[in-house]
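Open the model in your viewer and keep the sequence panel beside it. The tour goes stop by stop, with something to select at each.

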Amino acid sequence: MSDIGLFEAIHSTRAIRHFRPDPVPHELIAKILDAAIQAPSAGNNQNWLFVVVTGADQRQKLGDIYRRASLWVREKYASNPHPAHIEPAQYRKMWSGGVYLHERMGDAPVLLLPCLRVIAPMLPDDIPAEIRARMTAAAPWTAGASIYPAVQNIILACRALGLGTVLTTNHTILEAEVKQVLGLPDDVRTFALMPIGYTDDKFGGVRRRPLSEVAVIDRYGSPWPN
Ligand SMILES: Cc1cc2nc3c(=O)[nH]c(=O)nc-3n(C[C@H](O)[C@H](O)[C@H](O)COP(=O)(O)O)c2cc1C
């Protein structure tokens with residue numbers, strides 16, 4: 001287990017898509033889940049459910065769904081220009097890692113699905129209809145905002161424990177099949193499919209656009225000074 005500080009973990013965490021087959025000890029999975037449930041959620045509702053899949057049969061079923069869903073995503077990426085800020089070599093590396101995982105998701109020793117019970121907001125009549133409509137329209141954002149902080153805690157906890165992971169969402173195209181494999185009730189939605197395991201890949205080497213391009217001060221058009 002590594003003993004690293006928070007900022008070192010943040011700066012050296014990157015998408016890991018190659019995993020050794022070695023099992024991940026139960027105590028470490030528990031530690032990761034315990035980090036997940038420290039996250040905030042709207043109204044502190046904690047309507048989350050973390051599905052941990054370690055059985056080989058179940059992993060292969062999910063892996064097959066992820067592979068089929070990813071074929072569509074591959075078509076999308078193949079026809080879109082790649083982002084200007086990513087160097088071609090870096091993009092090729094991400095692409096080949098992505099395609100590798102399309103085929104091998106089910107081989108990761110742990111598949112973790114952070115889920116959320118999505119409950120339609122109950123809005124009293126004394127809130128004006130126009131505001132109720134806006135609150136309803138905002139509900140999908142609020143839902144995601146109540147599970148992705150937990151997902152980030154999972155990513156950082158994995159890094160701290162020397163485990164690799166990556167947030168993936170391709171499976172959502174075939175989510176109904178995923179829910180059937182896992183026996184999930186209708187109101188529970190899956191927000192990520194995260195392979196977790198030991199890796200021979202190196203952490204670090206993350207490249208991001210500079211703050212001056214992505215942050216502003218006081219108002220749009222006034223870039224954050226470097
Ligand atoms: C919302 C979201 C969805 C993602 N979906 C996938 C996915 O389906 N498959 C995959 O391999 N990576 C997926 N990723 C991982 C991104 O490709 C990765 O975080 C990004 O390329 C940065 O990688 P780096 O940290 O190694 O630089 C997703 C990331 C996010 C935030």
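A residue is called buried here if 20 or more other C-beta atoms lie within 10 Å of its own, exposed if 12 or fewer, and partly exposed in between. Keep in mind throughout that this is a predicted model.

**Stop 1: helix 6**

Select residues 148-160. This is helix 6, with 13 residues. From first C-alpha to last it reaches 18 Å, close to the 18 Å expected at 1.5 Å a residue. Now colour its buried residues: Ala-150, Val-151, Asn-153, Ile-154, Ile-155, Ala-157, Cys-158, Arg-159 and Ala-160.

What covers the buried residues of helix 6? Show helix 1 (6-12), helix 2 and strand 1, which are part of the cover. Add strand 2, strand 3 (164-165) and strand 5 (194-197), also included in it. Then step just past the end of helix 6 to Gly-162, where phi is positive, about 75°.

**Stop 2: the whole chain**

Zoom out and switch to cartoon. The chain has 8 helices and 5 strands. In sequence order they run α-α-β-α-α-β-α-α-β-α-β-β-α. The radius of gyration is 19 Å, close to the 17 Å that the globule rule gives for 226 residues, so the chain is as compact as a globular protein of that length.

Draw a box along the principal axes: the C-alpha atoms fill roughly 55 × 50 × 40 Å. Colour by burial, and 25% of the 226 residues count as buried. Turn to the contacts between residues at least 6 apart in sequence: 84% of them join residues at least 24 apart.

**Stop 3: helix 3**

Select residues 56-79. Helix 3 has 24 residues and spans 34 Å between its first and last C-alpha, close to the 34 Å expected at 1.5 Å a residue. Where is the kink in helix 3 centred? Go to Leu-71: the kink there is about 25°.

Next, colour the buried residues of helix 3: Leu-62, Gly-63, Ile-65, Tyr-66, Ala-69 and Ser-70. Their cover includes strand 1 (48-53), helix 4 (88-104), strand 2 (110-117) and helix 7 (175-182).

**Stop 4: Tyr-66**

Stay in helix 3 and pick Tyr-66. Is Tyr-66 buried or exposed? It has 25 C-beta neighbours inside 10 Å, so Tyr-66 counts as buried. Leave aside its neighbours within four places in sequence, and Tyr-66 is in contact with His-102, Met-105, Asn-170, His-171 and Leu-193. Now put a distance on Tyr-66 and Glu-103: they are 37 residues apart in sequence and 8.2 Å apart in space, C-alpha to C-alpha.

**Stop 5: the ligand**

Centre on the ligand. Which residues surround it? Show Arg-14, Ala-15 and Arg-17 among them. Add Met-94, Gly-98 and Leu-101, also in the surroundings. Complete the shell with Val-166, Leu-167, Thr-168, Thr-169, Asn-170 and Val-206. By class, the shell holds 6 nonpolar, 4 polar and 2 charged residues. Asn-170 is in this shell, and Asn-170 is also one of the contacts of Tyr-66.

**Stop 6: two residues of helix 4**

Pick Trp-95, in helix 4. It counts as partly exposed, because it has 14 C-beta neighbours inside 10 Å. Draw a line to Ala-145: the pair is 50 residues apart in sequence and 27 Å apart in space, C-alpha to C-alpha.

Then pick Arg-92, also in helix 4. Arg-92 has 12 C-beta neighbours inside 10 Å and therefore counts as exposed. Arg-92 and Glu-27 are 65 residues apart in sequence and 36 Å apart in space, C-alpha to C-alpha.

**Stop 7: Ile-131**

Move to helix 5 (residues 129-145) and select Ile-131. With 10 C-beta neighbours inside 10 Å, Ile-131 counts as exposed. A line from Ile-131 to Ser-70 covers 38 Å, C-alpha to C-alpha, for 61 residues of sequence separation.

**Stop 8: two positive phi values**

Select Gln-46, in the loop between helix 2 (26-36) and strand 1. Gln-46 is not a glycine, yet its phi is positive, about 50°. It is partly exposed, with 15 other C-beta atoms within 10 Å.

Finish at Asp-218, in the segment after helix 8 (211-214). Phi of Asp-218 is near 70°, again positive in a residue other than glycine. Asp-218 is exposed, with 6 other C-beta atoms within 10 Å.

Conventions. Residues numbered from 1 in each chain as written. Predicted model: local features only at pLDDT ≥ 70, side-chain atom pairs only at ≥ 80, totals over all residues. Helix = DSSP H or I, 4+ residues; strand = E, 2+ residues; numbered from the N terminus. Expected span 1.5 Å × (residues − 1). Bend = angle between axes of the 7 residues up to and from the residue. Contact = placed C-beta atoms within 7 Å. Rg over C-alpha atoms; globule rule 2.2 N^0.38 Å. Near = placed C-beta within 6 Å. Nonpolar A, V, L, I, M, F, W, Y, C, P; charged D, E, K, R; others polar.
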